[in-house]
Amino acid sequence: MTGRAAPGTSDLPHDGSGHRAQLAGTSFRLADGTTSRRLTLDGPAADKEWAAKQAEALPHYESDIDRPPAAVLALYRAFENYIARFLYGRRDLAVLDVGCGLGATLPPYAGLFDPGRGAVENVYVGLDPFAGAAERAYPFVQGRLEDLPEAIEPAFDLFLFATSLDHIRSLGEAAAAVRRLARPGAHAIFWVGLRDNALLGRTLGMTHLQPLFADLGPIAFLGRWLKLALYDLPRHYAYFRRQNWRLRHGRPLDRLHFHYFTTLTIEGALRTFGDVIDRFAPPGGADLFATVRLPA
Ligand SMILES: C[S@@+](CC[C@H](N)C(=O)[O-])C[C@H]1O[C@@H](n2cnc3c(N)ncnc32)[C@H](O)[C@@H]1O
């Protein structure tokens, strides 16, 4: 695999001599001695199924980018706090955000890496297969995690996977790439959306019960109660039954993901990367944050 730097900067070597880009502060040092804030890896043309899922997902990402829904914003904040707790007492870490998204500015959960917010103690690098914004306010690699180790020297102390793990085809390949890119003592922090019916049902319950008690007039209450009992609940029941069947038979739940983790399967998935040393489930939802210590 060869890599090339962004237009206007020097190419990474194609000569097989083993020279790869190095992370040098907040930019990459290329083999010819020049530096660049952006690297572009050769595309994974061979994986057509992955490319099709990415194309299907792109409009979703684009529609959310400026204004994420309030519930997602709350999760972003919670994830940022989770990362901050890990960083407490640590400094001078190089952080790779695997699947950072499209934005010109730092993702909402990564504001703590903004040099404008105080001391620059850690270096944040975004990685995403989508080119996204033409100019990014942070060092950025366009490409897939699986292809990165060929293009850059091992350099990272912390890997973030913010709802990106289920978009990566092979967890084994992802874990191998992380191991090749990791410095000794490195960790990975994951944010994963789970698909358990019971967890998703919790969110749904709140959505439906809140309006039920908003107007306590007996007629309004009865009307809403009947709609819930006769229309909403049967509809959701049918949806969950179908989803349950698909999960049990290993069928995809949509056209965007390779994996659909549940509380039962996520532990094994995370163990592909290393030892799970911490877990936190934000209350009321179906998400899990977890920290993994990579093998020494
Ligand atoms: C749901 S988005 C999450 C974006 C961002 N982390 C956030 O939470 O707003 C998943 C991201 O993973 C990226 N992705 C998919 N396959 C990938 C791969 N093999 N390596 C790295 N990133 C990948 C997608 O392009 C997409 O931007």
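This section describes the predicted model of a protein chain and its ligand, from the overall fold to selected residues.

The protein chain contains six helices and 12 strands. Along the principal axes, its C-alpha atoms fill a box of roughly 75 × 45 × 35 Å. Of the 296 residues, 27% count as buried. Among the contacts with a separation of 6 or more, 71% are made by residues 24 or more positions apart.

Two domains divide the chain: domain 1 covers 3-195 + 266-293, and domain 2 covers 197-248. Their C-alpha centres lie 37 Å apart. Contact between the domains involves five residues of domain 1 and six residues of domain 2. On the side of domain 1 that touches domain 2, the residues comprise two nonpolar, two polar and one charged.

An open sheet of three strands is arranged in the order β2-β3-β4, and its pairing is antiparallel. The edges are occupied by β2 (22-24) and β4 (35-36); each has a single partner strand, so one side of each is left without a neighbour in the sheet. Three bridges link β2 to β3 (residues 27-29) in the antiparallel sense. In this pairing, Ala24 has Ser27 of β3 as its bridge partner.

A parallel arrangement is found around β7 (123-128). Strands β6 and β7 run parallel and are joined by five bridges, with Asp97 standing opposite Gly126 of β7. Strand β7 also pairs with β8 in the parallel sense, over three bridges. Here Gly126 has Phe140 of β8 as its bridge partner. Gly126 thus has a partner position in the pairing with β6 and another in the pairing with β8. Burial extends along the strand: six of the six residues of β7 are buried, so β7 is largely enclosed by the rest of the structure. In a regular strand, side chains alternate between the two faces of the sheet. In β7, Val123, Val125 and Leu127 point one way, whereas Tyr124, Gly126 and Asp128 point the other way, and all are buried.

The ligand is surrounded by 19 residues, of which the closest are Gly99, Gly101, Ala162, Ser164 and His167. Helix α1 (48-64) and strand β7 each contribute at least two residues to this shell. By class, the shell consists of 10 nonpolar, six polar and three charged residues. The enclosed strand β7 is therefore also among the elements that supply the shell around the ligand.

Helix α3 (residues 171-181) has buried residues at Ala174, Ala175, Ala177, Val178 and Leu181. Viewed down the axis of α3, these residues fall within an arc of 160 degrees, so they line one face of the helix. An α-helix has 3.6 residues a turn, so residues three or four places apart point the same way. Gly172 and Arg180, on the other side of α3, are exposed. The buried residues of α3 pack against three strands, namely β6 (94-98), β9 and β10 (182-193). Strand β6, one of these packing partners, is also the strand that runs parallel to β7 through five bridges.

Two loop residues were examined individually. Glu146 lies in the loop between β8 (140-142) and β9 (156-162). It counts as partly exposed because 19 C-beta neighbours lie inside 10 Å, whereas burial requires 20 or more. Leaving aside neighbours within four places in sequence, Glu146 is in contact with Glu173, Ala174 and Ala177. Two of these contacts, Ala174 and Ala177, belong to the buried residues of α3. The C-alpha atoms of Glu146 and Arg235, which are 89 residues apart along the chain, are separated by 40 Å.

Arg169 is found in the loop between β9 and α3. With 16 other C-beta atoms within 10 Å, Arg169 is likewise partly exposed. Not counting residues up to four places away in sequence, Arg169 touches Asp47, Trp50 and Phe258. The C-alpha atoms of Arg169 and Arg179 are separated by 17 Å, the two residues being 10 residues apart along the chain.

Technical notes:
Residues numbered from 1 in each chain as written. Predicted model: local features only at pLDDT ≥ 70, side-chain atom pairs only at ≥ 80, totals over all residues. Helix = DSSP H or I, 4+ residues; strand = E, 2+ residues; numbered from the N terminus. Buried ≥ 20, exposed ≤ 12 C-beta atoms within 10 Å, placed from the backbone. Contact = placed C-beta atoms within 7 Å. Near = placed C-beta within 6 Å. Nonpolar A, V, L, I, M, F, W, Y, C, P; charged D, E, K, R; others polar. Arc of directions from axis to C-beta. Pairing = 2+ DSSP bridges. Domains from an automatic or database assignment.
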